[in-house]
Amino acid sequence: MSSMGRNDDNKKGIVLFGGTFNPIHQGHIRLCCSAWNAVHPRLVILMPTQPFYKELDTDAAQRIEMCQKAVEDLPFPVAVDGYEIQQGSTCRTYDTLCAMKEKFPDDPLYLLMGSDTFLSFSYWYRWQECGRMADLLVGMRKGDDREQIEMVKCLMEEEGLTVNLMDHKADAISSHDIRQHQEKQKDELAPAVYAYIREHHLYGNDRSEERR
């Protein structure tokens with residue numbers, strides 16, 4: 001596979017993947033795998049966020065633990081970093097990238113996201129600077145409007161950003177649907193994550209479905 005962006009043959013590069021991960025599901029894991037196959041970084045880092053715009057029904061420690069369980073058997077290095085949670089809801093991606101540039105001064109950074117997030121990237125705080133600190137890795141999904149995404153890619157490249165579209169082609173999976181219907185959607189969770197949710201009685205445990 002040809003290399004993309006600024007990666008080289010010495011296993012340099014850090015992929016950063018942020019999200020609420022409430023819960024982390026197989027769609028997130030498949031996106032990590034696509035990123036690994038695309039740029040072969042030395043490390044993928046999951047960064048659970050503490051969003052300011054909504055209340056979550058799990059605490060930060062639970063989401064971090066679910067992330068750790070979800071990636072424990074992956075065949076490449078993955079870490080879970082609580083930096084954004086520690087910084088609180090005012091932490092922005094720009095702040096995170098500045099901190100990661102300082103932490104990993106010799107590694108190119110990659111910012112991993114889905115195509116829906118990519119289409120809203122230009123609304124992020126100091127997005128041009130974010131895109132200059134980290135190449136963008138964008139996972140395409142079935143049903144995506146490729147023409148629209150290519151147009152946004154071109155506009156961002158005019159701003160000096162590097163955008164890598166990965167032919168991920170995964171189905172859209174909703175954490176909301178998983179929270180509402182865990183039993184029906186348990187195949188979209190790593191077994192260890194599903195067991196953790198059941199053990200800790202998260203998201204209601206589909207009690208209404210169990211009585212049927």
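A salt bridge, as the term is used here, is a side-chain nitrogen of Lys or Arg within 4 Å of a carboxyl oxygen of Asp or Glu. Colleagues, please keep that cut-off in mind, as the structure before you is a predicted model.

Let me begin with one pair. Arginine 141 and aspartate 116 form a salt bridge, their closest N and O atoms lying 3.7 Å apart. This pair connects distant parts of the chain, 25 residues apart: arginine 141 belongs to strand 5, and aspartate 116 to helix 5, residues 115–119. Are these two residues buried or exposed? Arginine 141 has a relative accessibility of 24% and therefore counts as partly exposed. Aspartate 116, at 44%, is likewise classed as partly exposed.

Strand 5, which spans residues 134–141, leads us to its neighbour. Strands 4 and 5 run parallel and are joined by 6 bridges. Strand 4 also runs parallel to strand 1, residues 14–19, with 3 bridges joining the two. Leucine 111 takes part in both pairings: its bridge partner in strand 1 is leucine 16, and in strand 5 it stands opposite leucine 136.

Why can strand 4 be described as largely enclosed by the rest of the structure? The strand covers residues 109–114, and 6 of its 6 residues are buried, so the description follows. The cut-off behind this step is a relative accessible area under 20%. Both faces of strand 4 are covered. On one side, Leu109, Leu111 and Met113 are buried; on the other, Tyr110, Leu112 and Gly114 are buried.

I now return to the salt bridges. How many does a search of the whole structure find? The search finds 9. Among them is the contact between the side chains of arginine 126 and glutamate 129, at 2.9 Å from N to O. Arginine 126 is partly exposed, with a relative accessibility of 33%, and glutamate 129 is partly exposed at 32%.

A further pair lies in helix 7, residues 146–158. There, lysine 153 and glutamate 157 are 4 residues apart, and so are separated by about one helical turn. Their side chains meet in a salt bridge with an N to O distance of 2.6 Å. The two partners fall into separate classes of accessibility: lysine 153, at 16%, counts as buried, whereas glutamate 157, at 34%, counts as partly exposed.

Finally, which residues are linked in a network of salt bridges? They are Arg146, Glu150 and Asp167. Thank you for your attention.

Conventions
Residues are numbered from 1 along each chain as its sequence is written. This is a predicted model: local features need pLDDT of at least 70, side-chain atom pairs count only at pLDDT 80 or more; totals for chains, interfaces and linings use all residues. Side-chain values use heavy atoms; hydrogens and water are left out. Buried means under 20% relative accessible area, exposed over 50%, partly exposed in between (1.4 Å probe, protein chains only). Two strands pair if DSSP finds at least two bridges between them.
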